[in-house]
Amino acid sequence: MLRLIRALPDPEVSPVRVLGVDDFALKRGHHYGTVLIDMENRRPVGLLPERSADALADWLTRHPGVEVICRDRARYYAEGADQGAADAVQVADRFHLWQNLGDAAERLVARLRPQWTPPPPENPQVTVPEKPEGLRAQRIRERHAAVHALKNKGMGIGGIVTELGLDPKTVRKNMLAATADELIGSSPTGRQSSLDGHAAYLAARWTEGSTSTSRLHRELADRGLTVSERTVRRFRCGSRRTPNPPLGRPSRGLAR
């Protein structure tokens, strides 16, 4: 049945007025193609075996009539659109607009974070030992250092991509980041938790002997934090590497 279906001829592509262009991975990190979508009827109209300006320009030349190209931010798609449909208007889709805004906000927060003074704690300050930096964060630091070392030597994006074997988007993101911390985030592993800002409070409550997950969950809710009880339990389990205070009989939730 599959052979019969694959033997059928491809349907004719009707004229496309609004074309969506984005890449997809045939083999992540090694080989990428291009998917073309008719944005008005939300149907794919073409798959290109590569992501290049020439491939997109050739398809646009063979399918005239495109008025709007909603594309990925990649430079080669911009060049292909200029070559194959010079009169078409090029726009960004909602995903890439939100991605641009999110990236800019993260870089701004990372740059301004040292200038922010936290409010005085409500309870006595409890020192929470820092967790060792994870492998993901270490890889990000090494990659950021390698990209900037080549950049300082005057090498462009294309040369860095060839030298390090990285995706052009990854190279561009590392070049825009002044420090590796902008790419990692606030936690050593690069992953943020909604309880990071309440770590001192939770540590103080554990020191006082309050180890019931459900009780801590209710107290966090009273402090205005909306979080699941499962998240509190995971956060508690992740902190077991620190010495536990002398406790009485453990609660049922903690025993589980």
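Strand 1 (18-27), strand 2 (31-38), helix 2 (53-62), strand 4 (68-71) and strand 5 (89-92) are among the elements that cover the buried residues of helix 3. This is a predicted model, and helix 3 is a pleasant place to start reading it. Helix 3 spans residues 75-84, and its buried residues are Tyr76, Tyr77, Ala78, Gly80, Ala81 and Gly84.

One of the covering elements, helix 2, deserves a closer look. The axes of helix 2 and helix 3 come within 7 Å of each other and cross at roughly 30 degrees. That crossing is right-handed. From helix 2, the residues that take part are Ala53, Asp54, Leu56, Ala57, Leu60 and Thr61; from helix 3, they are Tyr76, Tyr77, Glu79, Gly80, Ala81, Gln83 and Gly84. Sorted by character, the residues of this contact are seven nonpolar, four polar and two charged.

A second helix pair can be found further along the chain. Helix 5 (residues 135-152) packs against helix 7 at an angle of about 80 degrees, and their axes lie 9 Å apart. An angle of 65 to 115 degrees counts as roughly perpendicular, so helix 5 and helix 7 fall into that class. Helix 5 brings Ile140, Arg143, His144, Val147, His148 and Lys151 to the contact, while helix 7 brings Thr170, Val171, Asn174 and Met175. Here the division is four nonpolar, four polar and two charged residues.

What does Asn174 touch beyond its neighbours within four places in sequence? Its partners are Ile140, Arg143, His144, Val147, His148 and Leu183. Asn174 sits in helix 7, which covers residues 168-176. Its relative accessibility is 2%, which is why Asn174 counts as buried. A polar atom of the Asn174 side chain also lies 2.8 Å from the backbone oxygen of Thr170. Thr170 and Asn174 both appear on the helix 7 side of the contact with helix 5. As background, an α-helix has 3.6 residues a turn, so residues three or four places apart point the same way.

A few individual residues round out the tour, and the table sets their accessibility side by side with that of Asn174.

| Residue | Relative accessibility | Class |
|---|---|---|
| Asn174 | 2% | buried |
| Thr213 | 4% | buried |
| Thr179 | 37% | partly exposed |
| Arg42 | 72% | exposed |

Thr213 belongs to helix 10 (residues 213-222). Leaving out residues up to four places away in sequence, Thr213 touches Glu229, Val232 and Arg233.

Thr179 is found in the loop between helix 7 and helix 8 (181-184). In sequence, 72 residues separate Thr179 from Arg107, yet their C-alpha atoms are 9.5 Å apart in space.

Arg42 has its place in the loop between strand 2 and strand 3 (43-48). Its backbone is worth a glance on your screen: phi is positive, at about 60 degrees, although Arg42 is not a glycine.

Stepping back to the whole protein, the secondary structure comes to twelve helices and five strands. Of the 256 residues, 33% are buried. How many of the contacts between residues at least 6 apart in sequence join residues at least 24 apart? The share is 47%.

Methods:
Residues are numbered from 1 along each chain as its sequence is written. This is a predicted model: local features need pLDDT of at least 70, side-chain atom pairs count only at pLDDT 80 or more; totals for chains, interfaces and linings use all residues. Side-chain values use heavy atoms; hydrogens and water are left out. Buried means under 20% relative accessible area, exposed over 50%, partly exposed in between (1.4 Å probe, protein chains only). Helices (H or I, at least four residues) and strands (E, at least two) are DSSP runs, numbered from the N terminus. Contact means heavy atoms within 4.5 Å. A polar contact is a pair of N or O atoms within 3.5 Å; within protein, one must be able to donate a hydrogen and the other to accept it, and residues adjacent in sequence count only if both atoms are side-chain atoms. Axes are lines fitted to C-alpha atoms, for helices over the stretch in contact, and angles run from 0 to 180 degrees between N-to-C directions. Angles under 35 degrees count as roughly parallel, over 145 as roughly antiparallel, 65 to 115 as roughly perpendicular and the rest as oblique. Ala, Val, Leu, Ile, Met, Phe, Trp, Tyr, Cys and Pro count as nonpolar, Asp, Glu, Lys and Arg as charged, and the others, Gly among them, as polar. A crossing is left-handed if the near helix is turned anticlockwise from the far one by less than a right angle, and right-handed if clockwise.
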